[in-house]
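Hi,

Here is the structure I promised to pass on. Have a look at it first, and my notes follow underneath.

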Amino acid sequence: MINLLSVLQKDRFSPRFYIAAITDSLSLQKARLLEVTRPDSMEVTSSSQFMQVYRSREVGQSYITSVWTTSVALAHALWLMLRIRPQVILCNGPGTCIPLCVLVQWPQLQMKYPRAHYVGCLM
């Protein structure tokens, strides 16, 4: 994900919100480092924000207890999405992605779910 973010055009994607699971301390550190090492890092404080969300299910967590944690994660993610109103979401891993977005990633699925949005390949 960091490799993908390092080649994005910073001026086209501003402000940037980096969101990681509360139990994931390494990802936000990497995102901050990425922002600081960019050539135009003077804008870091104004164009990027770092946030944490609840993960819907931890690795190894039982499915019974994940019903509660998924509910909490969905509520928290909905609050963030209403607050941020993102135009583009890049996701990595189902624990944080499922609460943040319901994603149609193949054009064949859009035919099955006509209200979904498929925007095509980003590369």
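Which elements of the protein have the lowest and the highest mean pLDDT? Helix H3 (residues 44–47) has the lowest, at 62, and H2 the highest, at 87. Here pLDDT is the predictor's confidence in each residue, from 0 to 100, and helices (H or I, at least four residues) and strands (E, at least two) are DSSP runs numbered from the N terminus. The protein averages 77, with 79% of the residues scoring at least 70.

Some ground rules: this is a predicted model, where local features need pLDDT of at least 70, side-chain atom pairs count only at pLDDT 80 or more, and totals for chains, interfaces and linings use all residues. Residues are numbered from 1 along each chain as its sequence is written, and side-chain values use heavy atoms, with hydrogens and water left out.

Now the salt bridge (a side-chain nitrogen of Lys or Arg within 4 Å of a carboxyl oxygen of Asp or Glu). A search of the whole structure turns up one. It pairs Glu35 with Arg16, with 2.9 Å between the closest N and O atoms. Glu35 sits in helix H2 and Arg16 in strand S1, 19 residues apart, so the pair links distant parts of the chain. Both partners are buried (under 20% relative accessible area; exposed is over 50%, partly exposed in between, with a 1.4 Å probe and protein chains only): Glu35 has a relative accessible area of 0% and Arg16 one of 9%.

Next, the nonpolar cores, meaning sets of buried Ala, Val, Leu, Ile, Met, Phe, Trp, Tyr and Cys residues joined through side-chain atoms within 4.5 Å. The largest has six residues: Leu5, Tyr18, Ala20, Leu28, Ala31 and Leu34. S1 (16–21) and H2 (25–37) each supply at least two of them, and the largest share, three residues, comes from H2. Apart from this core lies another of five residues, including Met51, Val53, Leu80 and Met81.

Two backbone details to check. Ser14 and Pro15 are joined by a cis peptide bond, with omega about 0 degrees, and Pro15 belongs to the loop between helix H1 (2–6) and S1. Arg85 has a positive phi, near 55 degrees, in a residue other than glycine; it is in the loop between helix H4 (63–84) and helix H5 (94–100) and is exposed, at 59% relative accessible area.

Finally, Ser47 in helix H3 is buried at 3% relative accessibility. Leaving out residues up to four places away in sequence, Ser47 has contacts (heavy atoms within 4.5 Å) with Lys10, Ser14, Pro15 and Arg16.

Cheers
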